[in-house]
Amino acid sequence: YMDFPTSVLYRDARTIVGHMVWISLVGLAVMAAAAAFATRSIVRPLDRITRYAEGIANGNLAIDPAQLDAGGRSGLEVDVLAASLRKMMEQMNQNHRLKLYAVEADFEKRKAEEASRARTQFFANMSHEIRTPMNAIVGMSDILLAEEMPESQQKHVRDIKSSSESLLV
């Protein structure tokens with residue numbers, strides 16, 4: 001129909017197809033690099049947070065909360081998760097310290113109550129041990145005062161009786 005050589009037409013088509021293949025390959029390489037960068041910037045913080053969460057779940061409260069910051073890129077969901085995890089760790093550490101203080105306070109309270117009971121028991125025993133002989137001394141003083149004796153001896157017996165009664169009081 002047209003008197004045009006097809007070899008020229010195919011030659012230009014092959015050049016265009018070659019250029020399109022190269023452009024496609026470069027585009028794919030750029031897309032792959034962008035995907036790798038995006039994946040790495042998401043996966044690394046998630047991996048770090050996952051390791052810290054596992055550590056906390058296993059009872060490791062010695063994790064430094066500052067290590068959970070994702071580089072100051074605010075607004076990312078990973079940063080929000082890291083901040084929440086950091087806050088949770090700080091609260092867990094505070095609760096742990098409060099529980100330790102409560103245990104220590106309970107121990108000190110029990111120790112003080114035990115000391116109070118020991119002191120009360122000691123004074124009750126000492127009171128009993130002192131009152132019994134003092135009553136005997138007062139009684140013996142009364143018997144001696146009922147007898148005839150020189151005034152100087154009566155004064156000494158009255159002093160013994162008065163001192164004994166004072167100790168009883």
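Colleague: Among contacts in the protein between residues at least 6 apart in sequence, what share joins residues at least 24 apart?

Modeller: Bear in mind that this is a predicted model. A contact here means heavy atoms within 4.5 Å. Taking the contacts between residues at least 6 apart in sequence, the share that joins residues at least 24 apart is 49%.

Colleague: Thanks! Which elements make up the protein, and in what order do they run from the N terminus?

Modeller: The protein has three helices and zero strands. Helix 1 covers residues 6-57, while helix 2 spans residues 77-146 and helix 3 spans residues 151-168. Read from the N terminus on, the order is α-α-α.

Colleague: How much of the protein counts as buried?

Modeller: To count as buried, a residue needs a relative accessible area under 20%. The protein has 169 residues, and the part of them that meets this mark is 15%.

Colleague: And what portion of the accessible surface belongs to carbon and sulfur atoms?

Modeller: The accessible surface of the protein adds up to about 13,600 Å². Carbon and sulfur atoms account for a portion of 63%.

Colleague: Happy to go on to the surface, then. Which residues make the nonpolar surface patch of about 660 Å²?

Modeller: One of its members is V17, which sits in helix 1. A patch residue must have over 30% relative accessible area, and V17 is partly exposed at 48%. The residues that make the patch are V17, V21, W22, L25, L28 and M31.

Colleague: Is V17 itself buried, partly exposed or exposed?

Modeller: The relative accessible area of V17 is 48%. Buried would need a value under 20% and exposed a value over 50%, so V17 is partly exposed.

Colleague: Now the aromatic rings. What is the geometry of the pair formed by F122 and F123?

Modeller: A pair of aromatic rings is described by the distance of the centres and the angle of the planes. The count comes to one aromatic pair. For F122 and F123 the centres lie 5.5 Å apart and the planes make 65 degrees. Planes over 60 degrees apart take the name edge-to-face, and that is how this pair is classed: edge-to-face.

Colleague: How accessible are F122 and F123?

Modeller: Both values fall between the limits of 20% and 50%, so each ring residue counts as partly exposed. The relative accessibility is 46% for F122 and 49% for F123.

Colleague: On to charges: which parts does the salt bridge of K161 with D142 tie together?

Modeller: The structure holds seven salt bridges. In the one between K161 and D142, the closest N and O atoms are 2.5 Å apart. K161 lies in helix 3 and D142 in helix 2, so this pair ties together parts that are 19 residues apart in sequence: helix 3 and helix 2.

Colleague: Which residues are joined into one network by salt bridges that share partners?

Modeller: K161 also forms a salt bridge with E165, with the closest N and O atoms 3.9 Å apart. These two residues are four apart in helix 3, so about one helical turn separates them. Salt bridges with shared partners thus join D142, K161 and E165.

Colleague: Last one: what separates K155 and D159 within helix 3?

Modeller: K155 forms a salt bridge with D159, the closest N and O atoms being 3.3 Å apart. Both count as partly exposed, K155 at 46% and D159 at 38%. Because they are four residues apart in helix 3, the separation is about one helical turn.

Definitions and conventions:
Residues are numbered from 1 along each chain as its sequence is written. This is a predicted model: local features need pLDDT of at least 70, side-chain atom pairs count only at pLDDT 80 or more; totals for chains, interfaces and linings use all residues. Side-chain values use heavy atoms; hydrogens and water are left out. Buried means under 20% relative accessible area, exposed over 50%, partly exposed in between (1.4 Å probe, protein chains only). Accessible areas come from the Shrake-Rupley method with a 1.4 Å probe; for residues, only the protein chains shown count as cover. Patches are made of residues with over 30% relative accessible area and no salt bridge: like charges are joined within 9 Å, nonpolar side chains (Val, Leu, Ile, Met, Phe, Trp, Tyr) within 5 Å. A salt bridge is a side-chain nitrogen of Lys or Arg within 4 Å of a carboxyl oxygen of Asp or Glu. Rings of Phe, Tyr and Trp (its six-membered ring) pair if their centres lie within 6.5 Å; planes under 30 degrees apart count as stacked, over 60 as edge-to-face and the rest as tilted.
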